[in-house]
Amino acid sequence: MRHRWLVLIGLWSLLCLAPLAVADERLHYPATPTNDGTSGELVVHGALDLVYARTLFEAFHARHPDIALTYRNLDTLSLHQRFLAHPDEVDVLMSSAMPWQYRLANDGHARSLASPEAEAWPAWARWRHELFAFTFEPIVMVVRRELIERFGRPDSHAELLALLERHPDAMRGRVVTYDPEHSGAGYAYAIQESRLTPRYWDLVAAFGATQTALATTTGDMLEGLDEGRYWLGYNLLGSYAQAVADAHPALEVVVPDDYALVTQRLALISHQSPHPDNARRFMNFLLGESGQRVIAEATPLGAMHPALNGPGTVTALQATHGEALRPVSLGPELLATLDDLKRQALLERWKREFTRANATPP
């Protein structure tokens with residue numbers, strides 16, 4: 001129990017100090033040559049914090065000790081820019097920036113993976129045989145005990161909207177969510193929600209009327225919730241939120257029961273991979289039952305292998321939340337989030353709805 005507590009405290013510190021990753025954090029596992037003296041290399045770049053990545057790469061290296069493995073942890077923008085500048089320095093690229101990963105694959109930067117693991121992967125979680133979702137992470141609300149004791153727990157978007165509209169004075173300044181103009185994740189969630197339901201814009205207006213605080217990271221929101229500055233956080237990354245809430249009894253994670261977006265981390269093999277055979281070995285491990293079991297048991301990221309059904313798996317989440325879970329589709333619609341005109345139009349409407357209460361004459 002003490003070990004689990006220390007792990008969670010370490011994760012909390014990491015989220016507060018560097019929720020999107022500190023530039024050029026690294027893991028390196030040197031090779032142990034085989035009996036004939038041969039060894040190999042593997043270079044992976046990702047936007048996956050070391051607290052999660054370490055157990056995954058340790059498990060892979062234990063299976064392939066003859067491969068010298070280097071992992072670089074970068075924020076999503078640096079990861080994408082570095083890959084475009086040097087696509088031949090990396091074997092595998094992993095990122096939660098789904099539109100950028102899709103664009104790379106669509107533009108021919110990904111190798112095809114032909115293997116039993118790739119063939120068995122759910123069709124909805126891959127694009128061709130080049131881009132694979134390997135985690136399943138709901139977007140959630142986090143509420144404090146004070147809110148639950150006073151107004152009850154909002155279990156859906158409709159209940160949240162009703163709460164904000166009925167108690168605007170009590171909730172003023174007590175809510176926090178992403179700033180879609182300055183957060184890539186916030187913008188991605190906004191465009192997905194606006195497609196799901198027209199009531200989303202009523203919720204944005206209610207946020208504005210209650211002077212909701214705007215943040216750029218899940219870590220910032222969790223910090224404010226833990227300190228009691230906010231009673232409710234909206235659209236937090238569930239994997240991070242659950243790990244922190246487990247260590248803080250005042251916080252509770254809510255997966256909305258009407259709909260919950262699900263984001264996924266996507267992996268691809270670089271078309272110019274310097275070590276393509278080892279890249280295929282790693283991808284098969286990542287998609288295989290062994291690698292997915294590490295994700296399920298040692299991280300809160302959500303494993304997707306169809307043979308796994310215990311805690312920390314997509315099967316368990318679907319059994320609990322059913323059709324409310326709405327994974328972001330892997331397809332051309334992801335490119336719309338990168339269109340400058342569409343982005344400008346959505347942000348203009350978001351600002352208009354958010355400031356609607358101030359613009360309406362008394």
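**Exercise 1. An arginine and its bridges in helix H16**

Is Arg 349 buried, partly exposed or exposed? Work out its class, then follow the salt bridges from there.

*Solution.* Keep in mind that this is a predicted model.

Step 1. Arg 349 has a relative accessibility of 32%. Buried means under 20% and exposed means over 50%, so Arg 349 counts as partly exposed.

Step 2. Look for its partner. The side chain of Arg 349 meets that of Glu 353 in a salt bridge, with N and O 3.4 Å apart. Both residues belong to helix H16 (residues 340–354), where they sit four residues apart, about one turn of the helix.

Step 3. Now classify the partner. Glu 353 has a relative accessible area of 9% and is therefore buried.

Step 4. Glu 353 also forms a salt bridge with Arg 356, and here the closest N and O atoms are 2.3 Å apart. Arg 356, at 36% relative accessibility, is partly exposed.

Step 5. Elsewhere, Arg 153, Asp 155 and Glu 252 are joined into one network by salt bridges that share partners. The full count for the model comes to 16 salt bridges.

**Exercise 2. A one-turn pair in helix H6**

Find the salt-bridge partner of Arg 145 and describe how exposed the two residues are.

*Solution.* Step 1. The partner is Glu 149, and the closest N and O atoms of the pair are 3.8 Å apart. The cut-off is 4 Å, so the pair qualifies as a salt bridge.

Step 2. Both residues lie in helix H6 (residues 145–151), four residues apart, or about one turn of the helix.

Step 3. Arg 145 is partly exposed, with 40% relative accessibility, while Glu 149 is exposed at 62%.

**Exercise 3. Reading a seven-stranded sheet**

Which strands stand at the edges of the sheet that contains E13?

*Solution.* Step 1. Write down the strand order: E1-E3-E2-E4-E13-E6-E5, an open sheet of seven strands with mixed pairing.

Step 2. The edges are strand E1 (25–29) and strand E5 (126–127). Each has a single partner strand, so one side of each has no neighbour in the sheet.

Step 3. Zoom in on one edge. E5 pairs with strand E6 (residues 131–133) in the antiparallel sense, over two bridges. Arg 126 has Phe 132 in E6 as its bridge partner.

Step 4. Add the helix that packs on this sheet. Helix H3 (residues 76–85) touches strand E2 (40–46), strand E3 (67–73) and strand E4 (92–95). The direction of H3 makes about 155° with that of E4.

**Exercise 4. Strand E12 and its neighbours**

Sort the residues of E12 by the way they point, and identify the strands that pair with E12.

*Solution.* Step 1. Side chains in a regular strand alternate between the two faces of the sheet.

Step 2. In strand E12 (residues 260–263), Ala 260 and Val 262 point one way, and Leu 261 and Thr 263 point the other way. All four are buried.

Step 3. Strand E7 (residues 137–144) runs antiparallel to E12 and is joined to it by two bridges. Glu 137 stands opposite Thr 263.

Step 4. Strand E14 (residues 325–327) pairs with E12 in the parallel sense, over three bridges. Here Val 262 faces Pro 327.

**Exercise 5. An asparagine in helix H13**

Is Asn 284 buried or exposed?

*Solution.* Step 1. Locate Asn 284 in helix H13 (residues 276–287).

Step 2. Its relative accessible area is 19%. The limit for buried is under 20%, so Asn 284 is buried.

Step 3. Setting aside neighbours within four places in sequence, Asn 284 is in contact with Leu 113, Ser 115 and Glu 117.

Key
Residues are numbered from 1 along each chain as its sequence is written. This is a predicted model: local features need pLDDT of at least 70, side-chain atom pairs count only at pLDDT 80 or more; totals for chains, interfaces and linings use all residues. Side-chain values use heavy atoms; hydrogens and water are left out. Buried means under 20% relative accessible area, exposed over 50%, partly exposed in between (1.4 Å probe, protein chains only). Two strands pair if DSSP finds at least two bridges between them. Contact means heavy atoms within 4.5 Å. Axes are lines fitted to C-alpha atoms, for helices over the stretch in contact, and angles run from 0 to 180 degrees between N-to-C directions.
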